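Me: I have a model open on my screen and would like to learn how to read it. Could you take me through a few features?

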Amino acid sequence: MELVNIKFIESILSAITASGLENSIKIIVTGSSSEYGQISPDELPIKESLNPKPINIYGATKLAQTKKALL
């Protein structure tokens with residue numbers, strides 16, 4: 001079920017490219033703290049510079065979604 005995260009962003013980006021609007025439209029992709037996995041107290045607060053290390057399929061697919069959106 002979590003693979004919908006990856007297919008969703010692929011579909012959205014493909015539609016934007018096909019429409020020719022890639023230079024005139026912005027999208028917002030919401031991330032998840034699950035992308036970062038287990039966080040130790042010394043890593044708080046979580047910063048975007050923290051190396052992601054998801055520990056479950058949801059976190060892994062959200063991280064994949066984020067990476068595709070940043071391309």
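Me: How do the residues of the lining of the largest pocket divide into nonpolar, polar and charged?

Reply: Happy to help, and please keep in mind that this is a predicted model. The general idea comes before the case: rolling a probe the size of a water molecule over the atoms shows where empty space is left. Here, the lining of the largest pocket divides into 9 nonpolar, 4 polar and 4 charged residues.

Me: What is the volume of the largest pocket, and which residues lie nearest its centre?

Reply: The volume comes to about 360 Å³. The lining is made up of 17 residues, and Glu35, Tyr36, Glu48, Thr66 and Leu70 are the ones nearest the centre.

Me: Let me pick one of those. Where is the place of Glu35?

Reply: Glu35 sits in the loop between α1 and α2. For a charged residue, look at burial and at possible partners together. Glu35 is buried but has no salt bridge, and Lys62, the nearest side chain of opposite charge, is 5.6 Å away. A salt bridge needs the nitrogen of Lys or Arg within 4 Å of a carboxyl oxygen, so a gap of 5.6 Å does not qualify. Glu35 does have a polar partner in the backbone: a polar atom of its side chain lies 2.9 Å from the backbone nitrogen of Ser32.

Me: How far apart are Tyr58 and Glu35 in sequence and in space?

Reply: Comparing the two distances is a good habit when you read a fold. Tyr58 and Glu35 are 23 residues apart in sequence, and their C-alpha atoms are 8.0 Å apart in space. Tyr58 belongs to helix α2 and is partly exposed, with a relative accessible area of 33%.

Me: Which side chain has a polar atom 3.0 Å from the backbone oxygen of Tyr58?

Reply: That is the side chain of Thr61. Thr61 is also in helix α2, and at 2% relative accessibility it is buried.

Me: Now for charged pairs. How many salt bridges does the count come to?

Reply: The count comes to 3 salt bridges. A useful way to read each one is to ask where its two ends lie along the chain. Start with Lys7 and Glu10, whose side chains meet at 3.8 Å, N to O. Both lie in helix α1 (residues 4-19), and because they are 3 residues apart there, about one helical turn separates them. Lys7 is exposed, with a relative accessible area of 54%, whereas Glu10 is partly exposed at 32%.

Me: What is the distance, N to O, in the salt bridge of Glu10 and Lys68?

Reply: That salt bridge has a distance of 3.1 Å, N to O. The pair links distant parts of the chain, with Glu10 in helix α1, Lys68 in helix α2 (residues 57-70), and the two positions 58 residues apart. Lys68 is partly exposed, at 29% relative accessibility.

Me: Where do Glu43 and Lys53 lie?

Reply: Their side chains meet in a salt bridge at 3.4 Å, N to O. Glu43 and Lys53 each lie in the loop between α1 and α2, so this pair ties together parts that are 10 residues apart in sequence. Glu43 is partly exposed at 22%, and Lys53 is partly exposed at 34%.

Me: Which residues do salt bridges that share partners join into one network?

Reply: Look for a residue that turns up in more than one pair. Here, shared partners join Lys7, Glu10 and Lys68 into one network.

Definitions and conventions:
Residues numbered from 1 in each chain as written. Predicted model: local features only at pLDDT ≥ 70, side-chain atom pairs only at ≥ 80, totals over all residues. Heavy atoms only, no water. Helix = DSSP H or I, 4+ residues; strand = E, 2+ residues; numbered from the N terminus. Buried < 20%, exposed > 50% of the residue type's maximum accessible area, 1.4 Å probe, protein only. 1 Å grid on protein atoms, 1.4 Å probe; cavity = no way out; pocket = protein on both sides within 12 Å on 5 of 7 lines; lining within 4 Å. Points joined across faces, edges and corners; volume = space filled by probe spheres on them. Nonpolar A, V, L, I, M, F, W, Y, C, P; charged D, E, K, R; others polar. Polar contact = N/O pair within 3.5 Å; in protein donor to acceptor, adjacent residues only side chain to side chain. Lys, Arg positive; Asp, Glu negative; His and termini not counted.
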